[in-house]
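Here are my notes on the metal sites in this model. Please read them with the coordinates open.

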Amino acid sequence: MGYKVAVFTGPGTLEVQEPAMPVPTGDMVLVKLLSCALCTLEQRIYKGAMPYYPYAGGHEAAGVVESCGERVTMLSPGDKVTLRLLTSCGQCYYCRSGHENQCVTSFKASNHAGLNGPGGLADYMLVDARQVYKVSPDLDIDCAALAEPLACCVHSVGKGQIGLGDDVVVLGAGIMGMFHVMLAKRKGARVIVCEVDAARLEKAKGLGADVVVNPSECDPVEKVKELTEGRGANVVFCTVALPALAAQAIDMVGKLGRVVMYTSFHPKDPIELNEDRVHYSEIRITGSVNPDMRDFHTAVRLLSLGIIDAEPLISERVPFEKLDYAFEQSIKPGMYRVVVTHGR
Ligand SMILES: [Zn+2]
Ligand SMILES: [Zn+2]
């Protein structure tokens, strides 16, 4: 008996292949996948912006353990699990110094024999037990699939070093902005969200934003200064890929503040930096990319314990049989996550 795995063979072209069902031995685990969320990486490959063909996409996946190799001790058949599919080599300088997110081979994965890519768009997968994280049996399986994006935001929020009572600005209220809002709130901050989409601002309020600012109605830098008695924010997270917003993020942070460039930027136009402002204000400008293992562990706990609810960020659930429709939906503006499901 074989299983199904979706492979991008060209822009907008998906092909379902049927490899033979593997049998787990040693440290390997066979997982029956039930859910896979469509992230920006998959959307870019689907649209042809990142032409890595053939590519087995899908790196935000969750399911149930089907069977385990003889050396697997912490997992049993029937366990509800989420997977860390964009793994690290464990051998390079960064992995060995505890920074797997900076691994020299990060983003490369091959979880199906002979296929490049993380491969979460499949109904079964053979993975190393180290990549498998058990979640609470009560957790919705599609929310479990969002452990990976949440883990990315856990990493970012860690970089921001939020203190109790800090003023935190989140630029953008897409899924990543929203996770930042929820996490910053739980860190004890006053959260200010800047976003041009009024519907997203409303949603941000519902998820814990204390103040919402619409930059199409006022100057967001002035507004943040006004809200902070002229000081500027303690922490600013930029989750929108526009260089103009990167500059804005630096302008609205106060003395000793932290600016985290959560997103990568498109286009990659350089911005001007007033070096004296860095000198006199002692601000710190940093980035955040990928979660390390601890961030992933933290994200799984936040979801399993119900501290973070990812349900409001799932826009639509689409069965695997309608993959093309799922991708079309996922790239529409205003969508949060589209989740591809099996057997429902
Ligand atoms: Zn992702
Ligand atoms: Zn490495």
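1. The zinc ion (ligand 1) takes its protein donors from Cys 39 (SG), His 59 (NE2), Glu 60 (OE) and Glu 148 (OE), at 2.1 to 2.6 Å. Donors are N, O and S atoms within 2.8 Å of the metal (3.2 Å for Na, K and Ca); water is not among the atoms, so sites may look incomplete. This is a predicted model: local features need pLDDT of at least 70, side-chain atom pairs count only at pLDDT 80 or more, and totals for chains, interfaces and linings use all residues. Residues are numbered from 1 along each chain as its sequence is written, chains are lettered from A and ligands numbered from 1 in the order written, and side-chain values use heavy atoms, without hydrogens or water.

2. Angles of 87 to 167 degrees make the arrangement around the zinc ion (ligand 1) irregular. Four donors are tetrahedral if all angles lie between 85 and 135 degrees; four are square planar and six octahedral if opposite donors are over 155 degrees apart and all others between 65 and 115; anything else is irregular.

3. The donor spacing for the zinc ion (ligand 1) is C-x19-H-E-x87-E. Cys 39 sits in the loop between strand S3 (28-37) and helix H1 (40-47), and Glu 148 in helix H4 (residues 147-160), so the pair ties together parts 109 residues apart in sequence. Helices (H or I, at least four residues) and strands (E, at least two) are DSSP runs, numbered from the N terminus.

4. The zinc ion (ligand 2) is coordinated by Cys 89 (SG), Cys 92 (SG), Cys 95 (SG) and Cys 103 (SG), at 2.3 to 2.4 Å. Its angles span 102 to 117 degrees, which makes this site tetrahedral.
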